[in-house]
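This report describes selected strands and helices and the way they are arranged. The sequence and the structure are shown first.

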Amino acid sequence: MHEYDLLVVGSANADLVIGVERRPGPGETVLGGDLAVHPGGKGANQAVAAARLGARTALLARVGDDDHGRLLLGSLRAAGVDPVGMLVGGAPTGVAVITVDRSGDNSIVVSPGANARLAAADVRAAAGLFGAARVVSTQLEIPVGTVVETVRSLAPGSRFVLNASPPAEVPAEVLAACDPLVVNEHEARVLLGEAGDDPRRWAWPLLALGPRSVVITLGAAGALVADGLSGPPVMVRSPRVEAVDTTGAGDAFTAALAWRLGLGEPLATAAAYAARVGAAAVTRKGAQASYPTEGELPAG
């Protein structure tokens, strides 16, 4: 019996959010609305999103001994995430500066802070968490060496999910463990180099990089899923909603996907559920504050 449905290894940031009429171009200054500070970071977002849905969730992350760190710890506890893996100190808490335009699209600049100090040794020290987790997920807002150690620390029979965001070179050892590799259109292009304009043609080249399965998120259009052991890629549609803020929606999608895969659902079924979670998240402002409970999901 696994103690946790999902162990997230990743980042925890304070999101500093400013609403703007339009996002600035190079060298341009624009006026925005009042600054809002929210708990965020891809790792913390995934953990909170999964816990809100009912998954038994733990997070291995590092924050600073500061107000932003205390904000994050409070948010995790409030959502029901087990904070046993949270480490404090070493650097200030990571910060993400986010501009959100009228359409809900966002641009993000991240100062990693304590996230950059989440080390391979921290992963090795958390062996008990890995042994208790059905699924382990991570992202690329922490050092690549820490992601590699995460793969090496997986317990027999556990599943590994990587959201390759922000995009970076991913070691072959990590790619080979991914089941699935989750990328958006931009991240897919970075991994593939010249990918062309049709996402439906990206699944096989991504599988050729080594992952066991692939999910390409396509925003409001849904997601394309491909399992290396089954048939052709499958398109999963997203419910139609009015987007308010897309911040953190991809994290909610990945968390829901990882949880449902751990329950034994097929990849396309889990992705369809995750698309409903992501769609619900974009209808509210903020990242963690936007994440739905099971009863708040739109119809599939």
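## A parallel pairing at Arg 62

In this predicted model, Arg 62 has Leu 87 of β5 as its bridge partner. The two strands involved, β4 and β5 (residues 86-88), are paired in the parallel sense over 3 bridges. Together with helix α2, β4 and β5 form a β-α-β unit, and this unit is right-handed.

## Strand β4 and its surroundings

Strand β4 spans residues 57-63, and 7 of its 7 residues are buried. In a regular strand, side chains alternate between the two faces of the sheet. Thr 57, Leu 59, Ala 61 and Val 63 point to one side of β4, while Ala 58, Leu 60 and Arg 62 point the other way. Residues of both sets are buried, Arg 62 included.

Strand β4 also pairs with β1 (residues 4-9), in the parallel sense and over 4 bridges. Within this pairing, Leu 60 of β4 is the bridge partner of Val 9.

## The four-stranded sheet

A further set of strands, in the order β3-β2-β6-β7, builds an open sheet of 4 strands with mixed pairing. Its edges are formed by β3 (36-40) and β7 (106-111), each of which pairs on one side only. On average, neighbouring strands of this sheet are turned by 25° against each other, direction ignored.

Strand β6 (residues 94-100) is joined to β7 by antiparallel pairing over 6 bridges. Thr 99 stands opposite Ser 107 of β7.

Helix α2 (residues 67-79) lies across three strands, namely β2 (13-19), β3 and β6. The helix runs at about 60° to β3. Helix α2 is thus described in two settings: across these strands, and as part of the unit with β4 and β5.

## The contact of helices α9 and α10

Helix α9 (residues 249-262) and helix α10 (residues 267-281) have axes that come within 8 Å and cross at roughly 145°. The crossing of α9 past α10 is right-handed.

On the side of α9, the contact is made by Ala 249, Ala 252, Phe 253, Ala 256, Leu 257, Trp 259, Arg 260 and Leu 261. Helix α10 contributes Leu 267, Ala 270, Ala 271, Tyr 273, Ala 274, Ala 275, Val 277, Gly 278 and Ala 281. Sorted by class, the contact of the two helices has 15 nonpolar, 1 polar and 1 charged residues.

Definitions and conventions:
Residues numbered from 1 in each chain as written. Predicted model: local features only at pLDDT ≥ 70, side-chain atom pairs only at ≥ 80, totals over all residues. Heavy atoms only, no water. Pairing = 2+ DSSP bridges. Axes fitted to C-alpha atoms, helices over the stretch in contact; angles between N-to-C directions. Contact = heavy atoms within 4.5 Å. Buried < 20%, exposed > 50% of the residue type's maximum accessible area, 1.4 Å probe, protein only. Right-handed = clockwise from strand over helix to strand, strands pointing away. Left-handed = near helix turned anticlockwise from the far one by under 90°. Nonpolar A, V, L, I, M, F, W, Y, C, P; charged D, E, K, R; others polar.
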